[in-house]
Amino acid sequence: MQSLLKHYRRSIALHLLLVIFGVYFLVAVLVTVIQLYKEYENTKTEFYNEIQTLPSTFGKGISDSVWTYNQELLQSILQGMYNLPIVVGIKVDTLDQKMDFQIGAVFNEQRQVEYYDPNGLPTEQILTGLGSQALFDHKFPIYYQGPAFDQTIPLGTVTLYSNDQLVFERLKYGFILILINSIIKTCMLWFIIYFFINKYLGKPLKEFTLKIHRQDPQSPKPIDLAINWTDENELIILKDSYNQMIQRVNKNQLELLQLNQELDEKIKARTQDLELAKEKAEQLAYTDPLTKLCNRRAFFDSGKQLLNQAGTQHFSISLIMIDLDNFKTLNDTYGHALGDQTLIAFADVLKSSLSSTDIIGRLGGEEFAVILPDIGEYEALHVADSLRQKISQIELTHDVSSVYFTASMGVTEKPLRGTTIDLLLAQADKALYFSKHHGRNQVTAYSTLAEASGVR
Ligand SMILES: Nc1nc2c(ncn2[C@@H]2O[C@H](COP(=O)(O)OP(=O)(O)OP(=O)(O)O)[C@@H](O)[C@H]2O)c(=O)[nH]1
């Protein structure tokens, strides 16, 4: 039952059928009722006509039997009439009341039904099978017109009783035939409609839906239906429209895929650019743009790290502070550009002379500092002096003349316990100051100054 209901709910053919069948059934019932009513009316008229022909058939015999007081003849005529299927009762009323006779179902004077047997004796209700509710009567007079009389002599009346239900009885078979006919026609129509709607609409739609369900959503393909029609009906238009839509969707998806790939590549390139820019920015943040040495900030950061390491791993650290001599004069004499060249050449000498573990920084202007890990003051003095000599040999050219410059230095070593970069710089600066004020182009150890002043 459940599956039947499911089938009904999913079947367009059954739905349409129900609607068509419902409407057809109503129309058929209406037409049949009208047809039946017309048949009833016609049959009833025929019925009355038949009743009215009876006096012409039996009237003469009845008149003769009443005129001659022949009770036996009258009774046999009336019984013959009573046997006719359209008659349910007969009543003969004569003027002298001598030949009165009733047979079957008749009305009395109060219009109530009374029943008489074929011998004219009162009896219980007669089983006519028709009931007496629809009883109606047709009265006709009886006359005698014998050969000896010029005029007709009234003898009385004969009342024939019939029943409306007899009309129905007559119609019954016709009606049953009409009904069977309608049922067969409806069933045939039902089957034909269902078969063709299902074949030409239901099945193709079902196949179409099934194929849509089975489509791969990533790459749907055009659908082909097993329809044998060549003309452009709605179903074929629907299928073609679907296929066109699928082609458009596939094309759009391909374009989207390409756009995605392009976007991916652009994002990759942009990310690389950003990383490079970030690297550059980081470099800029920590590198002096002119000399490419560590700037003040990078020098302090790396220096602090190295100091911490030296504290925990117990290795010595020395710091050299370097300042170019009379740099202002050099700038003023040969120009700022040569000043820049001087700074670059000086930085190159530092880079090439020192180890990669040494930290070289430009603290500002023409002021530089170097941190030498694992090197004591004595060794650092030698490194500084070697640098000083190399610097003094750097040859710069201005126009056709050669330009030389020198640098003064101050050296200090990290004490055994605790110190800071600032403190080391301050000590080295004092030594540097000493070098400057004692003729420049020389190296001074902070320890000698401290010893001389008794600070250490
Ligand atoms: N060309 C150039 N000059 C700079 C740069 N930075 C600082 N200076 C110059 O360096 C000079 C430093 O001068 P001072 O501080 O008087 O020192 P000095 O002339 O070297 O004298 P002493 O240190 O006493 O020997 C100034 O004239 C600055 O303008 C730079 O990046 N390029």
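## Exercises on a predicted model

The hairpin formed by β1 and β2 has six residues between its strands, and Gln97 in the turn shows a positive phi of about 60 degrees. The model used in these exercises is predicted.

**Exercise 1.** Describe how β2 pairs with β1 and with β3, and state how many residues of β2 are buried.

*Solution.*
- Step 1. Start with β1 and β2: their pairing is antiparallel and runs over four bridges. One pair to locate is Ile90 with its bridge partner Ile103 in β2.
- Step 2. Go on to β2 and β3, which are also joined by four bridges in the antiparallel sense. Here Phe107 has Val113 in β3 as its bridge partner.
- Step 3. Look at the turn after β2. The hairpin of β2 and β3 leaves five residues between the strands, and Arg111 in that turn has a positive phi of about 60 degrees.
- Step 4. Count the burial: six of the seven residues of β2 are buried, so the strand is mostly covered.
- Step 5. Find the helix on this part of the sheet. Helix α3 (residues 71-82) lies across β1 and β2 (101-107), at about 30 degrees to β2.

**Exercise 2.** Put the five strands of the open sheet in order and find which strands stand at the edges.

*Solution.*
- Step 1. The order is β3-β2-β1-β5-β4, with antiparallel pairing.
- Step 2. The edge strands are β3 (113-116) and β4 (135-144); each has a single partner strand, so one side of each has no neighbour in the sheet.
- Step 3. From one strand to the next, the twist averages 35 degrees.
- Step 4. Check the link between β1 (residues 89-94) and β5 (residues 153-163): six bridges join these antiparallel strands. Across this link, Asp93 stands opposite Thr157 in β5.

**Exercise 3.** Is Val158 buried or exposed? Find its contacts as well.

*Solution.*
- Step 1. Place the residue: Val158 belongs to strand β5.
- Step 2. Apply the cut-off, which is 20 or more other C-beta atoms within 10 Å for a buried residue. Val158 is buried because it has 26 C-beta neighbours inside 10 Å.
- Step 3. List the contacts, leaving aside neighbours within four places in sequence: Ile62, Ile90, Val92, Phe140 and Ile142.
- Step 4. Compare sequence and space. Val158 and Asp93 are 65 residues apart along the chain, and their C-alpha atoms are separated by 6.3 Å.

**Exercise 4.** Which residues of α8 are buried, and what covers them?

*Solution.*
- Step 1. Helix α8 (residues 336-353) has 18 residues and reaches 26 Å from its first C-alpha to its last, close to the 26 Å expected at 1.5 Å a residue.
- Step 2. Its buried residues are Gly339, Thr342, Leu343, Phe346 and Leu350. These residues lie on the same side of α8, because they cover an arc of only 95 degrees around the axis.
- Step 3. The face turned away from the buried side carries the exposed residues Ala337 and Ser352.
- Step 4. Among the elements covering the buried residues are β6 (317-324), α7 (327-334) and α9 (377-392).

**Exercise 5.** Which residues does UniProt list as "transmembrane region", and what is the secondary structure of residues 173-197?

*Solution.*
- Step 1. The unreviewed UniProt entry lists residues 12-37 and 173-197.
- Step 2. In the model, residues 173-197 are 100% helix and 0% strand, with their end C-alpha atoms 36 Å apart.
- Step 3. For the setting, the protein chain has 11 helices and 12 strands, and 22% of its 456 residues are buried.

Technical notes: Residues numbered from 1 in each chain as written. Predicted model: local features only at pLDDT ≥ 70, side-chain atom pairs only at ≥ 80, totals over all residues. Helix = DSSP H or I, 4+ residues; strand = E, 2+ residues; numbered from the N terminus. Buried ≥ 20, exposed ≤ 12 C-beta atoms within 10 Å, placed from the backbone. UniProt positions renumbered as here; feature names shortened; annotations may be inferred. Expected span 1.5 Å × (residues − 1). Arc of directions from axis to C-beta. Contact = placed C-beta atoms within 7 Å. Pairing = 2+ DSSP bridges. Axes fitted to C-alpha atoms, helices over the stretch in contact; angles between N-to-C directions.
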